[in-house]
Amino acid sequence: MARDIRQTEADRELMLAGISHDLRTPLARMRLEIELSNVSDETRSAIDEDLGQIDHSIGQLMEYARPAGVLPERAINVSSILRDITDREKAHTESLGGTLRTMIQPNLYARIGELNLKRIVSNLIENSRRYGRSVADGQPHILVRVREKGSMIEIEVCDNGAGINAKDTERLLRPFSRGEAARTGVSGAGLGLSIVERLLQHVGGTLKLLPNQPTGLVGHIEIPKARDRNYQLDTQY
């Protein structure tokens, strides 16, 4: 049965990769044709933006359908991996005119797949970049905070955008849900937060959407901290 499940997941990934290729190839061809056409710059920009939104939605659908995988045998250094992720995301955020700051407590270990951890945090940062732009200057200003709290590791991605209504927080974690116009200046499939929650459930973690002060949103994650007596720590990081 386990072998059949693994084969089914492998077949699904192969099918999804084929679908992604078949959809994105004509998108690339359309972009090239638009560049070579005689349409106005305004029309070209609008069409290119639409194509970009379609490509982003395809990416989210692929990400949501991808299996979470099996738990690793070794706990990983969450602090080290998140420093690497935020260094890369900081450069990208600054290239868009925003800022990204970090407060990361060192040497925190958890039993979670490195790729899944990257998917979780990158999705939250991208969510803040796209929908959490500052009311003051229209740019994303993000803080990533990582710390130990009892038997858990807390990871918070904070922005100072318009925020969301408290009654909408539960709905936004459902697949294909998006917020009101204040946080939806960019289209998407509405799967980013659902992807984060599904990957966290796989490791016994949780996601909460909390208000930031004075304005904005906090993506608050908790994942169980690894203990030496339960899991062998991976000290290569």
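**Buried residues, salt bridges and a sheet**

User: Why is R129 called buried?

Analyst: R129 has a relative accessible area of 5%. Buried means under 20%, so R129 earns the word. Keep in mind that this is a predicted model.

User: And what makes E126 partly exposed?

Analyst: E126 has a relative accessible area of 23%. Partly exposed covers what lies between the 20% and 50% cut-offs, so E126 belongs there.

User: How do you know that E126 and R129 form a salt bridge?

Analyst: Look at their side chains: N to O, they are 2.8 Å apart. The cut-off is 4 Å between a side-chain nitrogen of Lys or Arg and a carboxyl oxygen of Asp or Glu, so this pair counts. Side chains of opposite charge can pair when their charged atoms come close.

User: Where do E126 and R129 sit?

Analyst: Both are in helix α4, three residues apart, which is about one turn of the helix.

User: How many salt bridges turn up in the whole structure?

Analyst: A search finds nine. One of them joins E156 and R145, at 2.7 Å from N to O. E156 lies in strand β5 and R145 in strand β4, so this pair ties together parts that are eleven residues apart in sequence.

User: Is E156 buried or exposed?

Analyst: Buried: its relative accessible area is 7%, and the limit is 20%.

User: What makes E154 and R147 a salt bridge?

Analyst: Their closest N and O atoms are 3.0 Å apart, and the rule asks for within 4 Å, so the pair qualifies. E154 is buried at 4% relative accessibility, whereas R147 is partly exposed at 34%.

User: Which residues are linked in a network of salt bridges?

Analyst: R145, R147, K149, E154 and E156 are linked in that way.

User: What is the strand order in the open sheet?

Analyst: It has five strands, ordered β2-β4-β5-β7-β6, with mixed pairing.

User: Why are β2 and β6 called edge strands?

Analyst: Each of them pairs on one side only. From one strand to the next, the twist averages 15 degrees.

User: How do you know that β5 and β7 pair?

Analyst: Seven bridges join β5 to β7. Pairing takes at least two bridges, so these strands pass. They run antiparallel, and E154 stands opposite E222 in β7.

User: What makes P224 partly exposed?

Analyst: P224, which is in strand β7, has a relative accessible area of 31%. That falls between 20% and 50%, so the label fits. P224 and I153 are 71 residues apart in sequence, yet 6.2 Å apart in space, C-alpha to C-alpha.

User: How many cavities of 30 Å³ or more are there?

Analyst: The count comes to one. The largest cavity has a volume of about 50 Å³. Eleven residues line it, and the closest to its centre are N127, S128, V157, L217 and G219.

User: Which elements each supply at least two residues of that lining?

Analyst: Those are α4, β5 and β7.

User: What kinds of residues make up the lining of the largest cavity?

Analyst: Six are nonpolar, three polar and two charged. Gly counts as polar, so G219 goes in the polar group.

Definitions and conventions:
Residues numbered from 1 in each chain as written. Predicted model: local features only at pLDDT ≥ 70, side-chain atom pairs only at ≥ 80, totals over all residues. Heavy atoms only, no water. 1 Å grid on protein atoms, 1.4 Å probe; cavity = no way out; pocket = protein on both sides within 12 Å on 5 of 7 lines; lining within 4 Å. Points joined across faces, edges and corners; volume = space filled by probe spheres on them. Helix = DSSP H or I, 4+ residues; strand = E, 2+ residues; numbered from the N terminus. Buried < 20%, exposed > 50% of the residue type's maximum accessible area, 1.4 Å probe, protein only. Axes fitted to C-alpha atoms, helices over the stretch in contact; angles between N-to-C directions.
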